[in-house]
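User: I have this model open and would like to hear the reasoning behind the terms used to describe it. Please set each value against its definition as we go.

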Amino acid sequence: FLDVAPLLADADVTTVNFEGNLYGPPYGTDHSAPQSMAEALQGAGVDFVQLANSYSIYKGMDGLAETINSIRLAGMEPLGVYASASEAQAEKGYTLCNVQGVSVAFVAFTKGMDGMALPPGNEGCVNVLYTDYSTDYQTVDTEGISRVLDAVAKEKPDITVALLHWGSEFNNTVSQSQQDICKLMQSKGVDAIIGTHSHYVQKMTLDETSGQFIAYSLGDFFSDGKKSGS
């Protein structure tokens, strides 16, 4: 990260979407990274790490809890995930921070977790966009999304940012359900929607009247992806 560290560190607040776990060896092929990865991200200027994505529970709830702990040990804060149902209930699905006197609320959601489902009793430990998040991704979880954003609204932040792991891999199409999610979130006060997962850089839109911004996918920042367009 040496060449990009000045760009990351100079920002008032920097977030990344980290698709993996910090769960110990073996490394390289099992979606687990060493603690030095987290320390390198923090050293490069990263403040918040989105963990609501395809690999949230790749190593089960133990892996999720260990990853959350490792992120915090490195001096960053995780977004969109919680180590237990009680923590999820207490945190209400969002994170607040003060950036140069501006109150910013972050929420992070994922379309699913690579076909895996949260174990019974752990519902809410990962913010999800669909009720059928482990199968078809067809039914938007309007109630769950609204619950989080209604709680955010009570905090009256200056800016609300939604980090969304969604869409289809290596596909530039924006689905109807994605558009529905955007409309729902914007109606609930979200100012910026920042997407990941497709690996492609997708379209961005800015409403000149409301100032609401959407980046459907930022593509890959640091990855082993080999396809053109990522």
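User: What is the order of the strands in the open sheet of 3 strands, and is the pairing parallel or antiparallel?

Analyst: Happy to help! The order is β1-β2-β3, and the pairing is parallel. This is a predicted model, where local features need pLDDT of at least 70 and side-chain atom pairs count only at pLDDT 80 or more, while totals for chains, interfaces and linings use all residues. Residues are numbered from 1 along each chain as its sequence is written, and side-chain values use heavy atoms, with hydrogens and water left out.

User: What makes β2 and β3 a pair, and how many bridges join them?

Analyst: Strands here are DSSP runs of E with at least two residues, helices are runs of H or I with at least four, and both are numbered from the N terminus. Two strands pair if DSSP finds at least two bridges between them. Strand β2 (residues 48-50) is joined to β3 by 3 bridges, so the requirement of at least two is met. One bridge can be named: V49 has P78 in β3 as its partner.

User: Which strands of the sheet β1-β2-β3 are called edge strands, and why?

Analyst: They are β1 (15-17) and β3 (77-79), each pairing on one side only. From one strand to the next, the twist averages 25 degrees; angles are taken between N-to-C directions, run from 0 to 180 degrees, and use axes fitted to C-alpha atoms, for helices over the stretch in contact. Helix α3 (residues 60-73) lies across β2 and β3, at about 140 degrees to β3.

User: What is the strand order in the open sheet of 6 strands, and what is its pairing called?

Analyst: The order is β4-β5-β6-β7-β9-β8, and the pairing is called mixed. β4 and β8 (204-206) are its edges: each has a single partner strand, so one side of each lacks a neighbour in the sheet. The twist averages 15 degrees from one strand to the next.

User: How do you know whether β5 runs parallel or antiparallel to β4, and to β6?

Analyst: The two partners give opposite cases. Strand β4 (residues 95-99) is joined to β5 by 5 bridges and runs antiparallel to it, with L96 standing opposite A105. β4 and β5 form a hairpin with 2 residues between them, and Q100 in the turn has a positive phi of about 50 degrees. Strand β6 (residues 159-165) shares 7 bridges with β5 and runs parallel to it; there, A108 is partnered by L163. Further along the sheet, strand β7 (residues 192-196) and strand β9 (residues 213-215) are parallel, with 3 bridges, and A192 pairs with F213.

User: Why is β5 described as largely enclosed?

Analyst: Buried means under 20% relative accessible area, exposed over 50%, and partly exposed in between, with a 1.4 Å probe and protein chains only. In strand β5 (residues 102-110), 7 of the 9 residues are buried, so the strand is largely enclosed by the rest of the structure.

User: What makes N127, G124 and E143 count as buried, partly exposed or exposed?

Analyst: N127 has 7% relative accessibility, so it counts as buried. G124 is partly exposed, because 36% falls between the two limits. E143 reaches 61%, so it is exposed. N127 lies in the loop between β5 and α5, as does G124, whereas E143 lies in helix α5.

User: Which residues does N127 touch, and how do you know?

Analyst: Contact means heavy atoms within 4.5 Å. Leaving aside neighbours within four places in sequence, N127 is in contact with A52, G80, Y82, G93, A108, F109 and T110. On that basis G124 is in contact with Y82, A88 and L118.

User: What makes the second largest pocket a pocket, and which residues lie nearest its centre?

Analyst: On a 1 Å grid over the protein atoms alone, a pocket is an open set of points with protein on both sides within 12 Å along at least five of seven lines, whereas a cavity is a set where a 1.4 Å probe fits but cannot get out; lining residues have an atom within 4 Å of a point. This pocket has 21 lining residues, with E123, G124, N127, R147 and V148 nearest its centre. The volume is about 410 Å³, meaning the space filled by probe spheres set on the points, which are joined across faces, edges and corners. The largest share of the lining, 4 residues, comes from α5.
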